[in-house]
Amino acid sequence: MSLLSATNTNQQKVCTRPQGLDPLRLPAHVAVIMDGNGRWAKARGLPRVMGHRAGVEALKTTLRLCSDWGISALTAYAFSTENWSRPGDEVNFLMTLFESVLQRELDSLEREQVQIKFLGDLKALPKQLQKLIADATERTNKNVGIRFNVCTNYGGRHELVLAAKKLAQRSCQGEIDPALIDEKMFEKELFTAGEIDPDLLIRTSGERRISNFLLWQLAYAEIHVTDVLWPDFDSVALTNALVDYQSRTRRFGGLDPMATN
Ligand code: IPE
Ligand code: IPE
Ligand code: MG
């Protein structure tokens with residue numbers, strides 16, 4: 001099954017942008033905290049890891065939909081710096097799952113013009129996974145389709161500390177003047193350098209927290225929380241998130257441009 005092939009039997013329905021959405025006001029960048037895999041499995045009497053397996057299908061569907069509906073970047077939280085504290089069996093399962101999915105899907109990612117990147121401290125990942133990641137990044141870096149960022153061993157605080165450290169080192173080496181450090185310079189040291197900030201953050205499974213995700217980049221994202229568990233996230237759930245996004249007034253600290261007083 002190709003990564004971008006819809007798993008839904010009704011391909012037409014999956015790929016067409018819903019009528020209720022304004023194509024001119026779609027978020028350019030959607031970020032998603034894919035939560036609830038374990039609860040999804042538990043509700044079915046299955047081991048937690050089966051939820052992670054089902055979660056991959058939901059991610060494939062979401063990528064397909066975002067790409068088809070004209071969203072230019074999707075950033076997904078796949079594994080946090082805190083997730084190492086889970087039982088070893090679950091962590092090992094996840095690492096093996098990342099490897100097998102990437103191996104299986106790389107050809108179709110390449111073919112479908114997806115530009116994949118992995119954001120996080122990749123050095124701590126298994127060597128075989130690191131090799132696959134390097135290969136996938138290299139093979140898709142000239143693609144012109146959706147930018148697909150997979151946050152793996154990602155932690156927002158860790159990312160900020162690394163950025164501060166790099167700027168401190170460059171200052172010590174006389175490469176930059178610390179007095180001139182500004183937001184633009186700081187952003188260039190983040191894993192997301194070159195990427196635009198997310199317009200919309202979706203969190204599934206009803207949890208109302210950020211869990212150390214994109215602490216810098218989410219400064220002005222609109223947040224949509226849904227009770228849907230990640231493996232059940234589908235075109236209806238994505239449409240609901242986008243409709244919710246389109247109902248918001250983004251002020252960025254200013255005043256509503258449409259307000260009369
Ligand atoms: C999200 O699902 C996937 C990862 C964090 C890797 P969870 O595994 O956190 O599922 P719940 O929250 O326990 O239901
Ligand atoms: C956030 O989910 C991390 C990922 C989705 C990869 P968690 O399940 O780890 O978050 P908490 O523990 O509920 O905050
Ligand atoms: Mg969770």
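Glu105 counts as buried, because its relative accessibility is 1%, under the 20% cut-off. The model behind this value is predicted. Buried or not, Glu105 has a charged partner: a salt bridge joins Glu105 to Arg104, with the closest N and O atoms 3.1 Å apart. Arg104 sits in another class. Its relative accessibility is 49%, so Arg104 counts as partly exposed. The cut-off for exposed is over 50%. Elsewhere, salt bridges that share partners build one network, which joins Asp35, Arg39, Arg203, Glu207 and Arg209.

Now step back to the whole chain. The protein has eight helices and six strands. Read from the N terminus, the elements follow the order α-β-α-α-β-α-β-α-β-α-α-β-β-α. How compact is the protein for its 261 residues? The radius of gyration is 19 Å, and the globule rule gives 18 Å for 261 residues. These values are close, so the protein is as compact as a globular protein of that length. Along the principal axes, the C-alpha atoms fill a box of roughly 60 × 60 × 35 Å. Of the 261 residues, 47% are buried.

Charge pairs come next. How many salt bridges does a search of the whole structure find? The search finds 23. One of them links Glu90 and Arg48. Their closest N and O atoms are 2.9 Å apart. This pair ties together distant parts of the chain. Glu90 lies in helix 4, residues 88-111, and Arg48 lies in helix 3, residues 48-69. The two are 42 residues apart. Is Glu90 buried or exposed? Glu90 counts as buried, because its relative accessibility is 7%. Arg48 has 38% relative accessibility and therefore counts as partly exposed.

Helix 3 also holds a salt bridge between two of its own residues, Lys60 and Glu57. The closest N and O atoms of this pair are 3.5 Å apart. Lys60 and Glu57 are three residues apart, about one turn of the helix. Which class does each side fall into? Lys60 has 4% relative accessibility, so Lys60 counts as buried. Glu57 has 30%, so Glu57 counts as partly exposed.

Stay with helix 3 for one more residue. Val49 has its place there. Its relative accessibility is 19%, so Val49 counts as buried. The margin is narrow, because buried means under 20%. Val49 also shows how the chain brings separate stretches of sequence together. Val49 and Phe93 are 44 residues apart in sequence, yet their C-alpha atoms are 7.1 Å apart in space.

Finish on the surface. Which residues form a negative surface patch? They are Asp182, Glu183, Glu187 and Asp197. Glu183 is placed in helix 7, which covers residues 183-187. Why does Glu183 count as exposed? Its relative accessibility is 59%, and exposed means over 50%. Members of such a patch have no salt bridge. Glu183 therefore stands apart from the paired acids described above, such as Glu105 with Arg104 and Glu90 with Arg48.

Technical notes: Residues are numbered from 1 along each chain as its sequence is written. Chains are lettered from A and ligands numbered from 1 in the order in which they are written. This is a predicted model: local features need pLDDT of at least 70, side-chain atom pairs count only at pLDDT 80 or more; totals for chains, interfaces and linings use all residues. Side-chain values use heavy atoms; hydrogens and water are left out. Patches are made of residues with over 30% relative accessible area and no salt bridge: like charges are joined within 9 Å, nonpolar side chains (Val, Leu, Ile, Met, Phe, Trp, Tyr) within 5 Å. Accessible areas come from the Shrake-Rupley method with a 1.4 Å probe; for residues, only the protein chains shown count as cover. A salt bridge is a side-chain nitrogen of Lys or Arg within 4 Å of a carboxyl oxygen of Asp or Glu. Lys and Arg count as positive and Asp and Glu as negative; His and the chain ends are not counted. The place of a charge is taken as NZ of Lys, CZ of Arg, CG of Asp or CD of Glu. Helices (H or I, at least four residues) and strands (E, at least two) are DSSP runs, numbered from the N terminus. Buried means under 20% relative accessible area, exposed over 50%, partly exposed in between (1.4 Å probe, protein chains only). The radius of gyration is taken over C-alpha atoms; the globule rule is 2.2 Å times the number of residues to the power 0.38.
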